[in-house]
Amino acid sequence: LPSPIPWSLTQPVTPDLLVSPSSQDGDLGSECPEDRGNWTGRLDFLLSCIGYCVGLGNVWRFPYRAYTNGGGAFLVPYFIMLAICGIPIFFMELSLGQFSSLGPLAVWKISPLFKGVGMGTILIVSLVAIYYNMIIAYVLFYLFASLTSDLPWQHCGNWWNTDLCLDHHVIKAGNSTLPVNISNTVSPSEEYWSRYVLHIQGSSGIGDPGRIRWNLCLCLLLSWTIVYLCILKGVKSSGKVVYFTATFPYLILVMLLIRGVTLEGAWKGIQFYLTPQFDHLLSSKVWIEAALQIFYSLGVGFGGLLTFASYNTFHQNIYRDTFIVTLGNAITSILAGFAIFSVLGYMSQELGVPVNQVAKAGPGLAFVVYPQAMTMLPLSPFWSFLFFFMLLTLGLDSQFAFMETIVTAVTDEFPYYLRPKKASFSAVICIVLFLMGLILTTEGGMYWLVLLDDYSAGFGLMVVVITTCLVVTRVYGMKRFCRDIHMMLGFKPGPYFRACWMVLSPATMMALLVYNIVKYQPSEYGNYCFPTWAEALGILMGVLSCLMIPMGMVVAVLQEEGTLWERVQQASRPAMDWGPSLEENRTGVYVASLAGSQSPKPLMVHMRKYGGITSYENTAIEVDREMEEEDDEESV
């Protein structure tokens, strides 16, 4: 006999049975967990991703990499590598974050055996955040130094200059009369950077850091204060700041580009930057360089993308966002190359030397070459201020992502203790990282910065990305992962994404990893070679993030019961509460698997909410039907 209908269900009031735990406060329309926070505007997520990906590397690494690896021909491997390992891994990270609404540590409920991957990610991001904010501190230093009528690195004759100093005005005058030998001279901007800003002459090497440079220390304190104030309320505050920090650099970049291409000799630099040398495409190094540029420029593996996506609503169209951000990032890099090389072409004409003698990458371009070029322009303090303000905004939103990743990862692990005190916890993290970064403000701080830059996010990061890719496709299963995306977006990823996730992306990353190990070169800064103990420390930084993976495995296996193989199998399966964070989004295998779950069918909550069946409920029903069919096939 059918069981009698409970009296409570015959009443007109909505029974508790049909109300999901997330809507107990009466707000049935809530799409995101209130206590965790979420994006408050439609463009917050998109602009945050653009701000995170478009960083300092687009300005000071891409143009240099392009001209040293075949000029315009470099764009061929660049876009191929973007398609093979950039876009697919980017989409995978966003999908994992949005589906689970969890940070880079808690997301490993997908396979608890590999939680060490998340721990490795947090270690890498913490090390990068320490030195990345020091670069922002240098930018602030130059920004304040530009607030003058006469740039301090314009002429020789200051207390920090040596007898080797020779400024371009003298060179220009020499060109019109007698040729000047500039091979043994140093530009005023180079001496300003090394002897005044860094005061590197006060240190004999990495083992002798010297005294703290208090002006740099104050700039570092200011940069951490800015970062803290912007992430104070999590994505609700940083999501608003990026409306400025992600868009304003484009305005300045266009201004610098227009100014650059109107300079005499600009075409010389642009020609040098873009002239295709197709013979370079036969070299494996060029393809590796293209993959490295994509890998670091998009910021995959750092957990930032996953963290940002975890604050999305469940049905946000991340497929569209993936293409907007990745292609926008590539176009920005190319645009920055025009802005940089047009000015370098003008500078080479002024100095009477080839472009390749003035072109540099990294901090050398930002703090030596470009500032020197600025002194040759009319209204030089204005252009200098604009350039460094652009670098500041480019750097800040990347730093927001690093900090949000660390804070979100830890608060998701201990939500009951830390979420109510997220602002205080963020302050503690900022203070700790500021104190750890104090060694970078010493006279020998640049040696430590180079060491961190070379090793903190090297092969360790690649191991993390390769492992993530293999776990999602092999351990969790490609079919399951595609089904999850189908639940979110209403369609399954096509063969292009599946082929990249299964074979092409991991294989490319493996090739990068092998190349990095085979072509390993000890770190150096200028003519200074690092001692063996410093190299060992750097390698240890990289290895430590990799060691987190087996350490996490040991912990996960010890928490299970049974034989060793049974423990490994149990630990590799998704946790019971893995899946969408809100009960109304949990269909199929995810129904009623949340702790404290009451609803027999979350779809009923949706029907009450929308007054009928929506396209997403149709998708849910379709996914359920597919799963039932697969179960029937398996049982047969």
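**Group meeting: a walk through the model**

Let me start with one residue: at 14% relative accessibility, H199 counts as buried. By buried I mean under 20% relative accessible area, with exposed over 50% and partly exposed in between (1.4 Å probe, protein chains only). This is a predicted model, so local features need pLDDT of at least 70 and side-chain atom pairs count only at pLDDT 80 or more, while totals for chains, interfaces and linings use all residues. Residues are numbered from 1 along each chain as its sequence is written, and side-chain values use heavy atoms, leaving out hydrogens and water.

Back to H199, then. You'll find H199 in the loop between α7 (188-197) and α8 (214-231). Although H199 is not a glycine, its phi is positive, at about 50 degrees. Helices here are DSSP runs of H or I of at least four residues, and strands are E runs of at least two, numbered from the N terminus.

Now, which other residue has a positive phi although it is not a glycine? That is L379, at about 55 degrees. L379 sits in the loop between α16 (363-375) and α17 (380-413). Is L379 buried or exposed? At 64% relative accessibility, L379 counts as exposed.

Let's zoom out for a moment. The chain has 26 helices and 2 strands. Of its 636 residues, 57% count as buried. If we take contacts (heavy atoms within 4.5 Å), then among those joining residues at least 6 apart in sequence, 81% link residues at least 24 apart.

I50 gives us a link of that kind. I50 belongs to helix α1 (residues 44-53) and, at 16% relative accessibility, counts as buried. Its C-alpha atom is 9.0 Å from that of V242, although I50 and V242 are 192 residues apart along the chain. Setting aside neighbours within four places in sequence, I50 is in contact with Y250 and V325.

Next stop, the loop between α19 (422-436) and α20 (445-455), where we meet T442. What does T442 touch, leaving aside its neighbours within four places in sequence? The list is L198, P209, G210, R211, I212 and R213. T442 counts as buried, with a relative accessibility of 8%.

A charged residue deserves a look too: E289, in helix α12 (residues 284-298). E289 counts as buried, at 15% relative accessibility. Beyond its neighbours within four places in sequence, E289 is in contact with R65, N69 and F74.

On to the nonpolar core, meaning buried Ala, Val, Leu, Ile, Met, Phe, Trp, Tyr and Cys joined through side-chain atoms within 4.5 Å. The largest one holds 192 residues, and Y138, F367 and M403 touch the most other members. Helix α5 (residues 115-145) supplies the largest share of this core, with 20 residues. For M403, not counting residues up to four places away in sequence, the residues touched are A129, W224, V227, I231, I429, C430 and L433.

Let me finish with a helix pair. The axes of α21 (residues 459-489) and α22 (residues 495-518) come within 9 Å and cross at roughly 170 degrees. That makes α21 roughly antiparallel to α22, a label for angles over 145 degrees. The axes are lines fitted to C-alpha atoms over the stretch in contact, with angles from 0 to 180 degrees between N-to-C directions.

Thanks, everyone, and happy browsing!

Key. Angles under 35 degrees count as roughly parallel, over 145 as roughly antiparallel, 65 to 115 as roughly perpendicular and the rest as oblique.
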